[in-house]
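Please look over the sequence and the structure below before reading on. The briefing then takes up the strands and the core in turn.

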Amino acid sequence: MSSALQSYANIPAAFELTVQLPELKSASSCDLDVTERHVRLTTQKPVSYLLELDLPYPVDEDSGSARFDKTKHQLVSILTWYARTRTNHFLLNLALARLSS
């Protein structure tokens, strides 16, 4: 296997980012901003939190999800690596093209 393919194989399709927010009771005061290479989480009330995180690989900003676990006071986000999403779309299109020819 080439080193480029081996590197790609080591990138997970998605990852979970869990942030403990002990003073929050809901996600209503959370502002989560996800860009291709950066995550920023801020809150204002009842307490101010700030998390800024650079990501090792680009993520697909449109395919993630987030939920707030009220019992654990955690914001759980699932982020999809962009390279995996893009490659999966390419492989799907290639397979469809082969089927239709």
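The points below are grouped by topic, beginning with the sheets and ending with the nonpolar core. The model is a predicted one, and its description includes two open sheets: three strands lie in the order 1-6-5 in one of them, and three strands lie in the order 2-3-4 in the other.

**The sheet with the order 1-6-5**
- The pairing in this open sheet is antiparallel, and its edges are formed by strand 1 (14–20) and strand 5 (65–69), each of which pairs on one side only.
- On average, neighbouring strands here are turned by 15° against each other, with direction ignored.
- Strand 1 and strand 6 (residues 74–80) run antiparallel and are joined by seven bridges; threonine 18, for instance, has valine 76 in strand 6 as its bridge partner.

**The sheet with the order 2-3-4**
- This open sheet also shows antiparallel pairing, and because strand 2 and strand 4 (49–54) each have a single partner strand, one side of each is left without a neighbour in the sheet.
- The twist from one strand to the next averages 5°.
- Six bridges connect strand 2 with strand 3, and these two strands run antiparallel, with leucine 32 having leucine 41 in strand 3 as its bridge partner.

**The largest nonpolar core**
- This core has 15 residues, of which Phe15, Leu21, Val39, Leu41, Leu55, Val59 and Leu79 touch the most other members.
- At least two core residues come from each of strand 1, strand 2 (30–35), strand 3 (38–43) and strand 6, and strand 1 gives the largest share, three residues.
- Leaving aside residues up to four places away in sequence, valine 59 touches Phe15, Val34, Thr35, Glu36, Leu79, Thr80, Trp81 and Tyr82.
- In soluble globular proteins, nonpolar side chains tend to be buried together.

Technical notes. Residues numbered from 1 in each chain as written. Predicted model: local features only at pLDDT ≥ 70, side-chain atom pairs only at ≥ 80, totals over all residues. Heavy atoms only, no water. Pairing = 2+ DSSP bridges. Helix = DSSP H or I, 4+ residues; strand = E, 2+ residues; numbered from the N terminus. Axes fitted to C-alpha atoms, helices over the stretch in contact; angles between N-to-C directions. Core = buried A, V, L, I, M, F, W, Y, C linked by side-chain atoms within 4.5 Å. Buried < 20%, exposed > 50% of the residue type's maximum accessible area, 1.4 Å probe, protein only. Contact = heavy atoms within 4.5 Å.
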